[in-house]
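Visitor: I have a chain here and would like a tour of its sheets. Can you walk me through the strands?

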Amino acid sequence: MLSRIERSSALQWLGKQLFNREDPAAFFDPLLERINPMWVQQYTPARVERIVDETADTKTFVLKPAKRWAGFEAGQHVNICVDIDGVRRNRTFSLSSAPAQWQDNGIVTLTIKRLPGGRVTNWMHDNLEAGDTLGLGEAFGEFLVPEISEPLLYIAGGSGITPVLSQLETLAAADYQAPVTLLYFVRTQADIIGAEKLYSLRQNWPALTLNVLATNESEQPRFLRESDLEEVPEITARRCYLCGPKGLMDLAGDLLDRQGIAQDRRHSTFFAAAKAALDTDSLGGAVHFSRSDLNVSSEGDAVLLDIAEAAKLSPRYGCRMGICHQCSCKKTSGTVVNRLTGKSSGPGEENIQLCISVPQGPVTVEL
């Protein structure tokens, strides 16, 4: 879960003896939640202050986290948890507001698109109301604004604009002088997320060049073109930030290669993690969850998180994409393959991420 309690070995021991749990302060959460949900200790609660319609399928949730929340940097993600039909669900979203808003008035925003078939996004759109609370994890991620002033290029698609909004607002407030160009791809002009903020930034921040491109308003789809990049002044001097669906990211990567922009000058954040092609014939095996004294078998490229959940265990997790490290766990023996990189681990003791680790032969995990 999203616990922020400072634990000591003595406190853990006391909690185990009295309440059979390692976070004894959270033992009273059911009572506290009835009195005031913002007093809950197991995770950082955040109250929904208001909800803003951005487009037909996108809403901005304005949240006021409990004061103990540690804050964030522009471009970072956060895990949220909500209870849906008695089951706690965790998802990862980018923060769309600037950190200054949190520092000044204790407010943050999550701008969330309704996904077809999405259990959490649809529930949030249909059920969350002002005054409700949800759980908030600590911010994470390396999609951060540059430390020194230099020309920037942003390429975003759809709801991939959310971390970009946070960064642009932060740069504008700092009176960032180097040129900044945003190429923002949307289906139609009606699908622009953060339109009011974007147009205000363009009007009041001379460094920003904004180019909103509608992909579905002509007979032929309007995708990113090489000419779009050639029109960016001094593009080879730009540091590039990419966020959007995989098709756009792949195309942008190819075109940036042609422009000679090195990989170390590109920063990307994805809706879903790319997966390496794995030889499934060599994967799978017996898995021993040592703390639970449970033995199961796996086949193919199933990751340890899915294997554990299928065995009725409830390991901690967050993004399920290998980004947040919430599911980190100790492997004491055996080899696993990283689902993202395709690389094998060593055979001995090490920390692994359950959500991207595939057994390659017998494996023992402390769970």
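Visitor: Which residue in E2 stands opposite Val 52?

Guide: This is a predicted model, where local features need pLDDT of at least 70, side-chain atom pairs count only at pLDDT 80 or more, and totals for chains, interfaces and linings use all residues. Residues are numbered from 1 along each chain as its sequence is written, and side-chain values use heavy atoms, with hydrogens and water left out. Strand E1 (residues 44–55) pairs with strand E2 (residues 58–65) in the antiparallel sense over eight bridges. Opposite Val 52 in E2 stands Thr 60.

Visitor: Which strands are the edges of the six-stranded open sheet?

Guide: Strands (E, at least two residues) and helices (H or I, at least four) are DSSP runs, numbered from the N terminus. Two strands pair if DSSP finds at least two bridges between them. The order is E4-E3-E6-E1-E2-E5, with antiparallel pairing. Pairing on one side only marks the edge strands, E4 (87–94) and E5 (108–113).

Visitor: At what angle does helix H4 run to E3?

Guide: Axes are lines fitted to C-alpha atoms, for helices over the stretch in contact (heavy atoms within 4.5 Å). Angles run from 0 to 180 degrees between N-to-C directions. Helix H4 (residues 119–127) lies across E2, E3, E4, E5 and E6. To E3 (77–84), H4 runs at about 75 degrees.

Visitor: What is the bridge partner of Gly 284 in E13?

Guide: Five strands form another open sheet, in the order E13-E12-E16-E14-E15, with mixed pairing. There, E12 (residues 284–289) and E13 pair in the antiparallel sense over six bridges. In E13, the partner of Gly 284 is Glu 299.
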